[in-house]
Amino acid sequence: MNTNPAHGPFHFRAPSKILWRTIRGMIPHKTQRGMEALNRLKVFEGIPPPYDKQKRMVVPSALRVLRLKPGRKYASVGRISREVGWKYGDVVEKLETKRKEKSAAYFQAKKKLSALRAKAAASA
């Protein structure tokens, strides 16, 4: 049987779209409630500008070291995306490196300022 690949199913290559599609399969996306939930979901590659200033949280129950037994195999979505043809991994990596450098500089300035405040409070 001949099929036209332009008619689907469509396989997303970007890690954010792979995650979005996975979550879409977990919710009732054809109901009103599911559509609203899916519209509230935001997925990105890396950390975009409005969110890079916010404090990040670690979810301990989702850590790989706690969830997987030692020696188990695992795959990251980014690596899978590169293998299926996602071309922007290097771009995202470069942007993340710049973001981490700016974040480290901000943290150093914040540490220096808090040390000065502590010194001023001790002397006053």
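This is a selection-by-selection tour of a predicted model.

**Stop 1: helix 6**

Select residues 89-123, which make up helix 6. The helix has 35 residues. From the first C-alpha to the last, helix 6 reaches 51 Å, close to the 51 Å expected at 1.5 Å a residue.

Now colour by accessibility. Gly-89, Glu-96 and Arg-99 are buried in helix 6. To see what the buried residues of this helix pack against, add helix 3 (49-52) and helix 5 (77-83) to the display.

**Stop 2: Glu-96 and Arg-99**

Stay in helix 6 and show the side chain of Glu-96. Glu-96 counts as buried because its relative accessible area is 16%, and the cut-off for buried is under 20%. Set aside residues up to four places away in sequence, and Glu-96 touches Gly-46 and Ile-47.

Next, add Arg-99. The side chains of Arg-99 and Glu-96 form a salt bridge, with 3.0 Å from N to O. Along helix 6 the two residues are three apart, about one turn of the helix. Both partners, Arg-99 and Glu-96, are buried.

**Stop 3: Glu-83 and Arg-79**

How many salt bridges does the structure hold? The count is two, and the one not yet visited joins Glu-83 to Arg-79. Select this pair and look at the closest N and O atoms, which are 2.5 Å apart. In general, side chains of opposite charge can pair when their charged atoms come close.

Glu-83 and Arg-79 are separated by about one helical turn, because they are four residues apart in helix 5. Are these partners buried or exposed? Glu-83 has 57% relative accessibility and so counts as exposed, the threshold being over 50%. Arg-79, at 38%, counts as partly exposed. The pair in helix 6, by contrast, has both Arg-99 and Glu-96 buried.

**Stop 4: the largest pocket**

Select Gly-46, Ile-47, Arg-56, Met-57 and Val-59. Of the 14 residues that line the largest pocket, these are the closest to its centre. The volume of this pocket is about 530 Å³. By class, its lining divides into eight nonpolar, three polar and three charged residues. Gly-46 and Ile-47 have already come up on this tour, as contacts of Glu-96.

**Stop 5: the second largest pocket**

For the second largest pocket, select Asp-52, Lys-53, Gln-54, Lys-55 and Arg-56, then add Arg-99, Lys-102, Ser-103, Tyr-106, Phe-107 and Lys-110. The space inside is about 390 Å³. Which element gives the largest share of this lining? Helix 6 does, with six residues.

Colour the lining by class: seven residues are charged, two are polar and two are nonpolar. Arg-99, the salt-bridge partner of Glu-96, is among the lining residues here. Arg-56 is also in this lining, and is one of the residues closest to the centre of the largest pocket.

**Stop 6: Phe-10**

Finish at Phe-10, in the segment before helix 1 (15-26). Phe-10 counts as exposed because its relative accessible area is 52%, where exposed means over 50%. Show Pro-5 and Arg-21 as well: Phe-10 is in contact with both, leaving aside its neighbours within four places in sequence.

Note on methods. Residues numbered from 1 in each chain as written. Predicted model: local features only at pLDDT ≥ 70, side-chain atom pairs only at ≥ 80, totals over all residues. Heavy atoms only, no water. 1 Å grid on protein atoms, 1.4 Å probe; cavity = no way out; pocket = protein on both sides within 12 Å on 5 of 7 lines; lining within 4 Å. Points joined across faces, edges and corners; volume = space filled by probe spheres on them. Nonpolar A, V, L, I, M, F, W, Y, C, P; charged D, E, K, R; others polar. Buried < 20%, exposed > 50% of the residue type's maximum accessible area, 1.4 Å probe, protein only. Contact = heavy atoms within 4.5 Å. Expected span 1.5 Å × (residues − 1). Salt bridge = Lys/Arg side-chain N within 4 Å of Asp/Glu carboxyl O.
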